[in-house]
Amino acid sequence: MSIRQSKTDVILIGAGIMSATLGTLLKELVPDWNITVFEKLANAGEESSNEWNNAGTGHAALCELNYTVEKPDGSVDISKALKINEEYQVSKQFWSYLVNSNLIRNPEDFIRPLPHLSFVQGEQNVSFLKKRFEALSANPLFQGMEFSDDPKKLMEWIPLIMKDRIVNEPIAATKIDSGTDVNFGALTRMLFDHLQRKGVDIHYKHQVDDLKRTSDGVWELKVRNVDSGAVERHSAKFVFIGGGGGSLLLLQKSGIPEGKHIGGFPVSGLFMVCNNPDVIEQHHAKVYGKAKVGAPPMSVPHLDTRFIDNKKMLLFGPFAGFSPKFLKTGSMFDLLCSVKPDNVTTMLAAGAKNVPLTKYLIQQVMLSKDQRMEELREFIPNAKSEDWDIVVAGQRVQVIKDTPAGKGTLQFGTEVISAADGSIAALLGASPGASTAVSVMLDVISRCFPEHLQAWEPKIKEMIPSYGLSLLNHPELLDDIQTSTARTLGLSSELVLV
Ligand SMILES: Cc1cc2nc3c(=O)[nH]c(=O)nc-3n(C[C@H](O)[C@H](O)[C@H](O)COP(=O)(O)OP(=O)(O)OC[C@H]3O[C@@H](n4cnc5c(N)ncnc54)[C@H](O)[C@@H]3O)c2cc1C
């Protein structure tokens, strides 16, 4: 029996937003490189990047309270918020470049302007929010942020949340109009359509089962045609493991030393979706609350207007939970299969440390719809059960590794792991996720193609004018970028479509 074989410059494993972004960047930088993609599902953007599997927040730290931590001296550390905001400016610049170059069209199909609010109750939380506001609003990246603890003002901003609310404790919110709702599923599909037009070889229903480095330094992948079961061999000089939750298992199979001593902690998610058009119409914002004590950062509740298939929707969640699967379409054995001799002590240490978190997540899975409605009523006091349905969201696999903070420490960010020779890289973790895809993929490029960077820099700067610069130190550039990206992506307030 003949086995199908191919040789190419670049193989991207997985057709999510990360591979889409890396493939698009590389096609602009080196159009003549051959790129091949293998995706086990039938279409692009079907796992975490799908619009129903993530919250669609353009994370710029405008409203997510977990990106600003209160320090022991009572001050608020905004360094993470500044970093995430700058990274989101990078994404917006690249998306604008793609629109301006007619490589993708109709930005309103994937990005919409939407006010971002943080909403808190209780004296301590209000005091934290005020300090956070004072620290951020003075910064040009957060220009236009407003604070109010006046229930009348809040009624103007978030009528659905304030209606029928008994206000018997301090209450406050911040609001900033430069927030966005992003349909990462639509964007992923647009980018793969573009890559296909550019001649990228995309194979759906093809699962990568194994990969190994051959004696001449090339990576050889064992790929299975999901329909026929036929096994194929494909090789490339560079491989990106963009398998989302599936990346850890593939990284382990690669055997690179950089992938050792790393584990994964899967967290599942659920959203509640409103089915009542009257209720949906009463809200127009993303409103983030504060995580409950003991809850992980990815379960911060938020009430979001979303635009899916160009239709306005209202979603609440996510409710985090525990499932041993690494992908929504994964296997119940994923967690078990990820335990290897090199990471077993790391995983055991993480298991011992995170008993309360695991207990919390299991309790969350067991919640009844009535109990979930009670959580929703903290946002919409008069929410009716019949107006809300439950949908299953994507899986996030948080990285576990040994850090100076201790063995088996759970990480809540994203992490690029690459081989010392730059021939392979994997993306692990899920937060801030899709919003920072462009910065993260530029990081992959700088780690894996250092010999080309100098030659590529002018093109990178054409695509991302702030490349290599801190926008904080270049306020005029920030101003230019914010104006031009808002115009191109349809985010200017004068263009706002409700
Ligand atoms: C509940 C939830 C809410 C979120 N909210 C936000 C948000 O508001 N904003 C934000 O920016 N980010 C958010 N994220 C994170 C964001 O969705 C992810 O960071 C991002 O989508 C990851 O993209 P990816 O391309 O790495 O993975 P994915 O989109 O999961 O794509 C990976 C692809 O690889 C394929 N694959 C896996 N293994 C193999 C294999 N062996 N062979 C072939 N193909 C394979 C999978 O089928 C999949 O299509 C959220 C995530 C979740 C789960």
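## A tour from the tail to the ligand

Start by selecting residues 494-498: here pLDDT (the predictor's confidence in each residue, from 0 to 100) stays under 50, and the model has 4 contacts beyond four places in sequence. A contact is a pair of residues whose C-beta atoms, placed from the backbone, lie within 7 Å. Where pLDDT is low, the predicted coordinates should not be read in detail.

This is a predicted model, in which local features need pLDDT of at least 70 and side-chain atom pairs count only at pLDDT 80 or more, while totals for chains, interfaces and linings use all residues. Numbering runs from 1 along each chain as its sequence is written.

Now colour the chain by pLDDT: the average is 94, and 98% of the residues score at least 70.

Next, switch to cartoon view. You will find 15 helices and 22 strands, taken as DSSP runs (helices H or I, at least four residues; strands E, at least two) numbered from the N terminus. Among contacts with a separation of 6 or more, 74% join residues 24 or more positions apart.

Finally, select the ligand and the 41 residues around it, where near means that the C-beta atom, placed from the backbone, lies within 6 Å. G14, G16, G244, G246 and G433 come nearest. Which element gives the most to this shell? Highlight α1, with 3 residues; α1 spans 17-29, and β11 (206-213) also supplies at least two. Colour the shell by type to see 17 nonpolar, 19 polar and 5 charged residues (nonpolar: Ala, Val, Leu, Ile, Met, Phe, Trp, Tyr, Cys and Pro; charged: Asp, Glu, Lys and Arg; polar: the others, Gly among them).

Notes: Contact = placed C-beta atoms within 7 Å.
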